[in-house]
Every structure is written in C-alpha cells, then in structure tokens.
Amino acid sequence: MKKSIEISPNIETLFGTRDENLHVLEDGLNINIDLRSDAIELEGAARDVTRAEQILSDYQQLQHAGFSFQNGDLNSMLRVLMADPKTTLRGLAEAGRQRSFGRRTVQPKSSNQRRYLEAIEQHDMVFGIGPAGTGKTYLAVAMAISALLAKRVNRIILARPAVEAGERLGFLPGSLQEKIDPYLRPLYDALYDMLEPDKVDRYLEKNVIEIAPIAFMRGRTLNDSFVILDEAQNTTSEQMKMFVTRLGFNSKAVITGDVTQIDLPNARRSGLLEAVEVLKNVEGLTFVYFDEGDVVRHHLVQRIIRAYDEHKTRQAEEQMPLLDARNGKVLEPSEDTQENPNVDLPQQSPVK
C-alpha cells in the first residue's frame, strides 16, 4: 500500500537529526518513507502505513495545540510507540504533560518506564529491577516529589546501603553525615535536578526529605511517607526484610536495584535476589523489569550493557562442561585433549 501525505508547516521538526526519527518509524513499522518536496510518501503493509499516518496526524495536532517536545523526547516516544501498538503519540504526549515533577516535566522514554510509573501509582510497593541508566531511581524520586507537592504524603525518605563499589575507602573524616553523604550523592543529584536548591535545602533541614543509610531504618514505622530504597542489590537478606516491613499507613515504597552489580562480599546473598523469590506472589506489590532498551543515558551505555550480558552468557556456556565433569559425568576425550595431554580430565575413584 502507498500513501502520500501533504507536508504541513514545521512538520520537518518531526524528522529529527539526520532523519533519525523517520528511521525509527521505518524500522519499527517495516515501511519505506520517501520525502518529497511537498509530501511524505509511505509504502508498506496497509496496517503499518495507517499507523504511521496516525502518528503523523497526532504530531500535527499536537503542534497546533502548542505542544513542544523537549530534546530527545520525541525519539523516545516513537520507540515506545513501536514497542506498544496500543499507545498513541497524542496519548503519550498528553500523559507526559500531566506528569509535572517540581520544575521538571518527566516523559517516560520507554514502555517499561511507562509501566513503572503506572505501577507506582497503583501499588503500595514496587520493585524496579534492571541495568544502570534506565531511570529507576530518577523516576522514583520524581514520583515521590509529585506525591509530596500534591500533599498525598508528608515526607520523603530515601535510603541506600553504604557499601563500597569494589574498593575499601577506610576511615573517612568528618561527622557521621559527612561520612555517609558520598554514598547517597545520586539521591541528592535527583532532588536538586527536580526542585529549586533552596527548597531542597529547606526540606532537608526540616526533615521533610530525609536521606539516610538503610541501617537507620530499623525500629521505625513510616506513616504518610514515600520511601525509596536505592541500590537494593547491596542489601543483605536481613536488611531487605527489615526495610519492607517498615511500611506504615498511607505510605508507598519503591525498591530499585541492578542484580548485575552486587558489591556485597561473596559470602552474603543479596537481599534483592531473595526478595524476588520470596515476594513474587504477594498481593499488593509488583515487580517491573528493565533491560538495555530502557537505557536513557548515552547510546554507548546500551552497547556496553549488551556486551557485558553477552560476555556473561559466553562464560556460562564455557563453564557448563566443567560443571558436568564435577558432577561425575565422564567427558569423552576431544580432539583438543588428544593433542594436549596436559588437559585435566575428571578423576575416577580407583577400583577396589
């Protein structure tokens, strides 16, 4: 099917840098888009062409209504549309306009991010699990600020385990707060990005916003609060159980973590991994999983995460024969072992 759509004024802003947005539409809908001097020609299956036409129509209507897209938002919205055929560009844009967090308007940049925000609205406890750069913490802080400004909660509590990322820092100088602040800096960054600095300082001074290591949560009942536990993969089993049982009346809890970046000693199991198994069937809470496609940092970050995942998969495949050998299965000598007699084979018990 072919369809020619007349170009309206300023429609070229839809195309993106080097027509990157058009490439997203072409790849996602499996259509060809040909730009003419006075029209856009669409060619492909009837259903896909109709969907592309609807997206172009929505964009024109949003423009006429005075909607302006922030840097990179349109490309992110188009990727969400490609992943979820039920969504519309107009619906995404209007939903994003309604989500005003302090001085920021946050637009979900993937279908998983949209599900994450909806899950936080609908559930009292949400686990956001996925790789770095997917917006887990940032969006959780945004929802907390929104709830605070709308007076749905009276305070925000942000917690993090104070665990070094693979290095020993030793004794740090200063007061207790100065010692733990470096571990909590990402939470401060998100706050200052969404609220005026003087307002953040005032909230912190009055304990309307409280930032503390998870160890400070023991023995407390958190009512009328929006509680966020960041870097939850570095909690122990005991810490995680303690945290999820702090929730009081009219409160929400969001637990975020990346199970591929656990900095705990090998002898201690991650409380986040255990919580996934223990709480998966508990009514009233939900899990939202992110992947490399949800990364909203530099595009290179997506490729780095993919490379690490592929490396981990290769390592697991290479270790399988060794595990079989240790489990008592005798491996047939391969060509490699015949050429190299020094290769270790599983030892068998001597016959008595």
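pLDDT is the predictor's confidence in each residue, on a scale from 0 to 100. That score is a handy way into this structure, since the model is a predicted one. Over residues 165-169 the pLDDT stays under 50, and for this stretch the model has four contacts beyond four places in sequence. Residues 330-352 also sit below 50, with nine contacts in the model beyond near neighbours in sequence. Where pLDDT is low, the predicted coordinates should not be read in detail. Taken over the whole chain, the mean pLDDT is 79, and 79% of the residues reach 70 or more. Among the elements, E6 comes out with the highest mean, 96, while helix H12 (residues 335-339) has the lowest, 45.

Now for the sheet. Six strands make up an open sheet with parallel pairing, and reading across it gives the order E8-E7-E9-E10-E6-E11. At the edges are strand E8 (209-213) and strand E11 (285-289), each of which pairs on one side only. From one strand to the next, the twist averages 15 degrees. One of the pairings joins strand E7 (residues 155-160) to strand E9 (residues 225-229), in the parallel sense and over five bridges. Within it, Leu 158 stands opposite Ile 228 of E9. Elsewhere on the sheet, helix H10 (residues 271-278) lies across three strands, namely E6 (125-129), E10 (252-257) and E11. Relative to E6, H10 runs at about 125 degrees.

Aromatic rings come next. A pair of aromatic rings is described by the distance of the centres and the angle of the planes. Searching the whole structure turns up three aromatic pairs. In one of them, the ring centres of Tyr 116 and Phe 290 are 5.1 Å apart and the planes stand at 80 degrees, so this pair is edge-to-face. Tyr 116 belongs to helix H5 (residues 111-122), whereas Phe 290 is in the loop between E11 and helix H11 (299-326), so the pair ties together parts 174 residues apart in sequence. Both Tyr 116 and Phe 290 are buried. Another pair is made by Phe 287 and Tyr 289: with centres 6.3 Å apart and planes at 15 degrees, it is stacked. Phe 287 counts as buried at 16% relative accessibility, but Tyr 289 is partly exposed, with a relative accessible area of 44%. Phe 127 joins these two residues, Phe 287 and Tyr 289, in one aromatic cluster.

Helix H5 deserves a second look. At 1.5 Å a residue, its twelve residues should span 16 Å, and the C-alpha atoms at its ends are indeed 16 Å apart, so the two figures agree. Its buried residues are Ser 111, Asn 112, Gln 113, Arg 114, Tyr 116, Leu 117, Ala 119 and Ile 120.

Two charged residues round things off. Glu 26 lies in helix H1 (residues 20-29). Is Glu 26 buried or exposed? Its relative accessibility is 19%, and buried means under 20%, so Glu 26 counts as buried. Leaving out neighbours within four places in sequence, Glu 26 is in contact with Ile 31, Asn 32 and Ile 33. Arg 47, found in helix H2 (residues 46-64), counts as exposed, at 71% relative accessibility. The C-alpha atoms of Arg 47 and Leu 29 are separated by 9.1 Å, with the two residues 18 apart along the chain.

Key
Residues numbered from 1 in each chain as written. Predicted model: local features only at pLDDT ≥ 70, side-chain atom pairs only at ≥ 80, totals over all residues. Heavy atoms only, no water. Pairing = 2+ DSSP bridges. Helix = DSSP H or I, 4+ residues; strand = E, 2+ residues; numbered from the N terminus. Axes fitted to C-alpha atoms, helices over the stretch in contact; angles between N-to-C directions. Contact = heavy atoms within 4.5 Å. Phe/Tyr/Trp six-rings, centres within 6.5 Å; stacked < 30°, edge-to-face > 60°. Buried < 20%, exposed > 50% of the residue type's maximum accessible area, 1.4 Å probe, protein only. Expected span 1.5 Å × (residues − 1).
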